[in-house]
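Colleague: I would like to go through the charged pairs in this model. Can we take them one by one?

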Amino acid sequence: MRTRTGTVAAAGLLALTTGCGAADMTQQASPFAGAQGTKSVTLSVQSWVGAQANVAVARYLLEHELGYRVDTVQIDEVPAWDALSQGRVDALLEDWGHPEEEQRYVEDKKTIVNGGGLGVTGHIGWYVPTYFAKQHPDVTDWKNLDKYADEFRTPESGGKGQLMDGSPSYVTNDKALVKNLKLDYQVVFAGSEAAQITQIKQFAKEKKPFLTYWYSPQWLFRKVPMTEVKLPAYEEGCDADPAAVACAYPHTPLQKYLNADFARDGGEAAAFLKKFRWTTEDQNAVSLMIAEQRLTPEEAARKWVDGHESTWRAWLP
């Protein structure tokens with residue numbers, strides 16, 4: 001997840017094992033591609049559960065309302081742009097901002113077009129559990145983090161405080177931030193969204209302090225309340241040099257992107273995906289059903305669709 005290079009778990013749409021470090025599958029094309037007379041569409045699935053929720057609902061409606069056969073391919077964030085440009089996938093439904101790829105493929109090569117806003121605003125930040133913030137209110141100012149480094153230390157953090165990240169493929173400035181803010185912390189990667197969630201839940205169960213890279217929207221806030229640590233304020237361009245970043249992450253209106261040929265010739269599917277737009281609450285509701293209630297993505301999508309016809313009817317061409 002999400003701002004410059006690769007992001008924000010290891011699962012396809014059909015299983016929530018999340019892990020952005022999943023194998024690159026950009027060579028995998030839809031098995032329906034080129035089938036004579038077949039209405040088909042291939043969607044890129046990002047590994048975090050919110051993105052899986054988008055695809056679950058889009059897939060359900062494409063199949064049940066518009067009669068398409070839908071294939072899904074899990075690809076990490078930056079390789080997804082390559083696959084989209086090459087037509088190996090038709091649409092990417094949740095992008096957290098990749099200016100280099102936008103310049104290369106949207107502006108220069110014109111092989112990808114912006115498909116409109118998803119309706120959800122994303123934000124990455126550093127968080128501590130709210131139970132710890134209530135006990136130590138000053139921890140929410142980054143200038144006081146070193147005061148608590150010993151409490152955040154783990155066997156993996158090498159004598160420093162631990163800043164837990166998810167997958168190395170997520171968009172993260174955290175190593176640069178720790179260095180440039182001169183903090184006594186070590187970034188430790190859990191490996192995936194799922195592994196990070198497991199660790200956060202375990203810390204919370206034991207009421208232990210932790211400092212973690214996290215993002216919204218995300219259903220886990222409902223289960224483990226967390227409070228954001230205030231980093232130096234974000235200003236336009238403050239993150240332009242990845243090595244020199246010393247500011248907070250921006251709030252990012254999440255975007256959809258379509259292969260340019262698909263956007264032009266993709267018929268009802270392309271028109272539908274351009275109109276697909278929902279709220280943070282909608283996405284979190286479906287994410288919670290998949291991740292916590294253990295519904296399959298199709299079951300979660302059907303349940304949401306059954307209760308929100310007035311929303312999705314407006315997306316149909």
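What follows is a short exchange on salt bridges and how exposed their partners are.

Modeller: This is a predicted model, where local features need pLDDT of at least 70, side-chain atom pairs count only at pLDDT 80 or more, and totals for chains, interfaces and linings use all residues. Residues are numbered from 1 along each chain as its sequence is written, and side-chain values use heavy atoms, with hydrogens and water left out.

Colleague: How many salt bridges does a search of the whole structure find?

Modeller: A salt bridge here is a side-chain nitrogen of Lys or Arg within 4 Å of a carboxyl oxygen of Asp or Glu. With the whole structure searched, the count is 12.

Colleague: Is Glu 101 buried or exposed?

Modeller: Glu 101 pairs with Arg 104, with the closest N and O atoms 3.7 Å apart. Buried means under 20% relative accessible area, exposed over 50%, partly exposed in between (1.4 Å probe, protein chains only). Arg 104, at 35%, is partly exposed. Glu 101 has 5% relative accessibility, so it counts as buried.

Colleague: Which residue meets Arg 264 in a salt bridge?

Modeller: Arg 264 is exposed, at 58% relative accessible area. Its partner is exposed too, at 54%. The N to O distance is 3.2 Å, and the partner is Asp 265.

Colleague: Which residues do shared salt-bridge partners join into one network?

Modeller: Start with Glu 309 and Arg 313, whose closest N and O atoms are 2.8 Å apart. Glu 309 is partly exposed at 40%. Arg 313 is partly exposed at 42%. Shared partners give one network: Glu 65, Glu 309 and Arg 313.
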